[in-house]
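Open your viewer, set the display to cartoon, and keep the selection tool at hand. We will walk from stop to stop, choosing something new to look at each time.

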Amino acid sequence: YVEPTGSGDYAGGFAGKNDGKITDCSFKGGVTGTSNIGLIAGINTENGTINGCSVSGRVSGGNCAGGIAGTNAGIIRACTANALTNTTADENEVNLSDITVSDIGNISSAAGSTTDIGGIAGRNTGVIRSCQNTHDIGYIHIGYNIGGIAGSSSGLVIDCTNYGAIKARKEAGGIVGQMEPFSHIIYSEDYLKKIRRQIVSINKTVESAINSVDGYSDSIKADYDNIHSAANSAIDNINDIIDEAFGSQT
């Protein structure tokens, strides 16, 4: 059983923070803390991979708590969570016995203080692929962003399955509690080529200016040379982007 002291942040059955690879491991037991709590890792970073792991038991945290990782910024693949996550009132810091009128405000505050709770990851900004959750997540009327795979996600969730019941106050989902929007800008090949033509035109103008300032001060010529060099670099970069996205150009 893992329960950190102090702030109670970054706790996991194998690692508080995973910056490498955790493969084909299993954990049975419990992990409790405040934030970034997982039965494999508290945080799986952008460089981290958790592959083929399974867990069973119980995980609880105030925010960013998940069966595999509290927060995932890397890759979680082919993992199975057979764990209860924040399924009791005590885990959500709410005592429902002996309630008085003066307690109502505190209960309402606690109901919204639990956020980003998921069967695989509490918060996902990376990739969760081919994972499965089998147990219940959340407590009735408590918490925001509660999901069977991820509590909240602005990353990718692919080919995942949830069999557990999901309970929350708000933003609950069988796969993701809240799928956050993100922007992905795609430039067409024609658009990139148009930019390249414009930069080439600017570069020719600069070359002409360089020839016309011969005999003037070295500082003026140096400024034009720098513009010419920057334009050439921009053309090379655009060519690289076009080649990578659309194939080698003739």
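**First stop: the core.** Select I40, I50, V55, I68, I76, I120 and I128 and show their side chains. These residues have the most contacts inside the largest nonpolar core, which has 31 residues. Now colour β4 (26-32), β8 (54-60) and β12 (80-85): these are the elements that give two or more residues to this core. Then move to L192, A231, I235 and I238, which are among the 5 residues of another core, lying apart from the largest one. As background, nonpolar side chains tend to be buried together in soluble globular proteins.

**Second stop: one core residue.** Which residues is I120 in contact with, leaving aside its neighbours within four places in sequence? Select G66, G67, I68, A69, I76, C79 and A81, then add I128, C131, Q132, G148 and I149, and you have the set.

**Third stop: the whole view.** Zoom out, and remember that you are looking at a predicted model. The protein has 3 helices and 22 strands. It has 250 residues, of which 42% count as buried. Switch on the surface if you like: the accessible surface comes to about 12,900 Å², and 49% of that belongs to carbon and sulfur atoms. Among contacts with a separation of 6 or more, 78% are between residues 24 or more positions apart.

**Fourth stop: a sheet.** Select β4, β8, β12, β16 and β20. In that order, these 5 strands form an open sheet with parallel pairing. Look at the edges, where β4 and β20 (161-162) stand: each has a single partner strand, so one side of each is left without a neighbour in the sheet. Next, go to β12 and strand β16 (residues 132-133), which run parallel and are joined by 2 bridges. To see a bridge pair, pick A81 and its partner in β16, N133.

**Last stop: T32.** Go back to strand β4, where T32 is found. Is T32 buried or exposed? T32 has a relative accessibility of 18%, so it counts as buried, since the cut-off for buried is under 20%. Show the side chains of T32 and S60, which are joined by a polar contact of 3.2 Å. To finish, add Y1, V2, E3, P4 and I37: together with S60, these are the residues in contact with T32 once its neighbours within four places in sequence are left aside.

Note on methods: Residues numbered from 1 in each chain as written. Predicted model: local features only at pLDDT ≥ 70, side-chain atom pairs only at ≥ 80, totals over all residues. Heavy atoms only, no water. Core = buried A, V, L, I, M, F, W, Y, C linked by side-chain atoms within 4.5 Å. Buried < 20%, exposed > 50% of the residue type's maximum accessible area, 1.4 Å probe, protein only. Helix = DSSP H or I, 4+ residues; strand = E, 2+ residues; numbered from the N terminus. Contact = heavy atoms within 4.5 Å. Areas by Shrake-Rupley, 256 points an atom, 1.4 Å probe, with all protein chains shown as cover. Pairing = 2+ DSSP bridges. Polar contact = N/O pair within 3.5 Å; in protein donor to acceptor, adjacent residues only side chain to side chain.
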